[in-house]
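Hi,

Here is the structure I promised to pass on to you. Have a look at it first, and my notes follow underneath.

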Amino acid sequence: MSFFSQSADEVRFVDSHTGGEPTRIIVSGGPDLGTGALSERLEVFRNRFDDFRKAVVLEPRGSEELVGGLLLEPYEADCSAGILFFNNVGVLGMCGHGTIGLAVTLAHLGRIDPGAHKLDTPVGKVAFVLENDGLVSVENVASYRLAEGVRVEIENHGCITGQIAWGGNWFFLVEDHGLEIESTRVDELTGFSKKVREALEREGITGENGACIDHIELFGPSNSADSKNFVLCPGGAYDRSPCGTGTSAKIACLIADGKLEPGQTWLQESVIGSVFEASGKVVEGKVIPTIRGS
Ligand code: PYC
């Protein structure tokens, strides 16, 4: 099955939102990135087509919280499509809410039917199941905790302790921040999370192979789910959804700590109150998370 138009002299896109977080999928008219692996095409996109990225996601047509997705022919033969995600400051490895948006967009265009599909991404293959009612389950890339008990001194706040985990992007996960995870407090949460990111940079704390930890995730209690989070994205916007890759990183940490059994469901609420249902299975020492949302 091909999802792709053969020629296009204009950029066509479809906007969706997943739990409040917007996604703009470019369905035709994107730049020619060649036929290499998605990780290679990501580098071509990053190095040669940054103006295209900006035109798609920034004002006047976009906004800082918008995530763009460029739909491509897959490199991996068993995938139905390839996708490159990007935001207001650069490219993303993977995007969970964006994958849910992509699935619903493809269904809206009549390009896929409900059922199981596979996507090629720069960080590996991702599977998703489109259900009949617009719900989508995403089986994300292998996720893992790199470090726990990482202490960082935050300007005008004191020391906090966090975990570093991969869920398709790098996250610093913090519980002991002392702030309320409430939509009325997003300015305060944003300011604090920016200081955490600055502190990580200052102290040279990174993901694997020196990778920048560009997402900060704060957790607090929820009235209706297992936890509520606030996620600061790389460009300074906060995720309105519970963040698919961030929830994947959380599931990896919970399973590593024995606080969640493989297969057990975890309800992750976002700062605006939208919820993802998540679980994980352990394969070769890493966690394969599944995130379900609409
Ligand atoms: O859902 O994985 C996600 C995501 C990453 C950045 C914004 N949303």
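**Salt bridges**

Glu-277 and Arg-292 form a salt bridge, with their closest N and O atoms 3.3 Å apart; the term stands for a side-chain nitrogen of Lys or Arg within 4 Å of a carboxyl oxygen of Asp or Glu. This pair links distant parts of the chain, with Glu-277 in strand S15 (residues 275-283) and Arg-292 in strand S16 (residues 286-293), 15 residues apart. Helices (H or I, at least four residues) and strands (E, at least two) are DSSP runs, numbered from the N terminus. At 33% relative accessibility Glu-277 is partly exposed, and Arg-292 is partly exposed at 23%. On the wording: buried means under 20% relative accessible area, exposed over 50%, and partly exposed in between (1.4 Å probe, protein chains only).

Before you read on, please note that this is a predicted model, in which local features need pLDDT of at least 70 and side-chain atom pairs count only at pLDDT 80 or more, while totals for chains, interfaces and linings use all residues. Residues are numbered from 1 along each chain as its sequence is written, and side-chain values use heavy atoms, with hydrogens and water left out.

The structure holds 17 salt bridges. Among them is the one between Glu-65 and Arg-240 (3.9 Å, N to O). Glu-65 sits in the loop between helix H2 (50-57) and strand S3 (67-72), and Arg-240 in the loop between S13 and helix H5 (244-256), so this pair ties together parts that are 175 residues apart in sequence. Arg-24 has a salt bridge with Asp-15, where the closest N and O atoms are 2.7 Å apart. Here Arg-24 is buried at 6% relative accessibility, whereas Asp-15 is partly exposed at 42%. You will also find a network of salt bridges linking Asp-50, Arg-53 and Lys-54.

**A buried Glu and its neighbour**

Which side chain of opposite charge is nearest to Glu-217? It is Lys-250, 7.4 Å away, and Glu-217 is buried yet has no salt bridge. (Lys and Arg count as positive and Asp and Glu as negative; His and the chain ends are not counted.) Glu-217 belongs to strand S12 (residues 215-220). Leaving aside neighbours within four places in sequence, its contacts (heavy atoms within 4.5 Å) include Phe-171, Asn-229 and Val-231.

Val-231 itself lies in strand S13 (residues 227-232) and is buried, with a relative accessible area of 1%. Beyond four places in sequence, Val-231 also touches His-215 and Cys-243, among others.

**Empty space**

The structure holds one cavity of 30 Å³ or more, with about 130 Å³ of space in it. Of the 20 residues lining this cavity, Glu-21, Val-67, Leu-92, His-215 and Cys-233 are the closest to its centre.

The second largest pocket has a volume of about 310 Å³. Its lining has 18 residues, and Val-91, Leu-92, Gly-93, Asn-169 and Asp-214 lie nearest its centre. Helix H1 (38-48) and strand S5 (91-92) are the elements that give two or more residues to that lining.

For both terms, a 1 Å grid over the protein atoms alone is used: a cavity is a set of points where a 1.4 Å probe fits but cannot get out, and a pocket is an open set with protein on both sides within 12 Å along at least five of seven lines; lining residues have an atom within 4 Å of a point. Grid points are joined across faces, edges and corners, and a volume is the space filled by probe spheres set on the points.

Best wishes
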